[in-house]
Amino acid sequence: MTEEINQHFPKAYQQINGATKASGFDMASDVLTCSLLRTLAATKPSGKFLELGTGTGLSTSWILDGLDQNSTLTSIDNDAKFLAIAKTFLGEDERLTLVDTDGAEWIEKNKDKKFDYIFADTWHGKYLLLEEALSMLNSGGLYIIDDMLPQSNWPDGHQDKAIKLIKDLESREDLQLTKQVWATGIVIGVKK
């Protein structure tokens, strides 16, 4: 077995990837993580999905590829330049709602909503407002984060934040947790 992706890539992935490189966006989820996101998305038929941190839509395309036709994905980002790339290539998918707003503001306004799957790929819902994001998960819902292994684009001191986040997640009694020292470092929690 190898780490190669030997299944199809999402229809829009290559176009989004090209536009991402041209835009200078350097914080996209890696393809191994994206493949896992698609597989996990397929476990939630008729599910309600939330992605915090759309970026250019690379991971969004993989999540959508795992959804059935009765599922919905809300994806939040506050950078209109990068979100425009996602809108260009994914905006016609009726299952997807792209929202250009601050993550903290969106979570505060929508904290009563419930989701079956949350991919927190930005500060909000991960390093900030963790409690609020986790309270939005249904029982049996998946909470997924990546970039928990040291990354070349981490600012000074970020590793300490990542270590603290892992300890906080490990101490929770409302999550069944698995840490994967694979890809960029993935943590998957299931809400009890």
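User: Which residues have the most contacts inside the largest nonpolar core?

Analyst: This is a predicted model, with local features needing pLDDT of at least 70, side-chain atom pairs counting only at pLDDT 80 or more, and totals for chains, interfaces and linings using all residues. Numbering starts from 1 along each chain as its sequence is written, and side-chain values use heavy atoms, leaving out hydrogens and water. A core here joins buried Ala, Val, Leu, Ile, Met, Phe, Trp, Tyr and Cys through side-chain atoms within 4.5 Å, buried being under 20% relative accessible area with a 1.4 Å probe, protein chains only. The biggest one has 27 residues, and its best-connected members are I63, Y117 and I144.

User: Which element gives the most to that core?

Analyst: Plenty chip in: α1, α2, α3, α4, β3, β4, β5 and β7 each supply at least two residues. Helices (H or I, at least four residues) and strands (E, at least two) are DSSP runs numbered from the N terminus. With five residues, the top contributor is α2.

User: How many residues are in the second core?

Analyst: It's separate from the one above, and its members include L50, I107, M136 and A162. The count is 23.

User: Which strands stand at the edges of the sheet?

Analyst: The sheet is open, with seven strands in mixed pairing, ordered β3-β2-β1-β4-β5-β7-β6. Pairing takes at least two DSSP bridges between strands. Two strands have a single partner each, so one side of each lacks a neighbour in the sheet: β3 and β6.

User: What is the bridge partner of Y143 in β7?

Analyst: β5 and β7 pair in the antiparallel sense, over four bridges. In β7, Y143 is partnered by G189.

Methods:
Buried means under 20% relative accessible area, exposed over 50%, partly exposed in between (1.4 Å probe, protein chains only).
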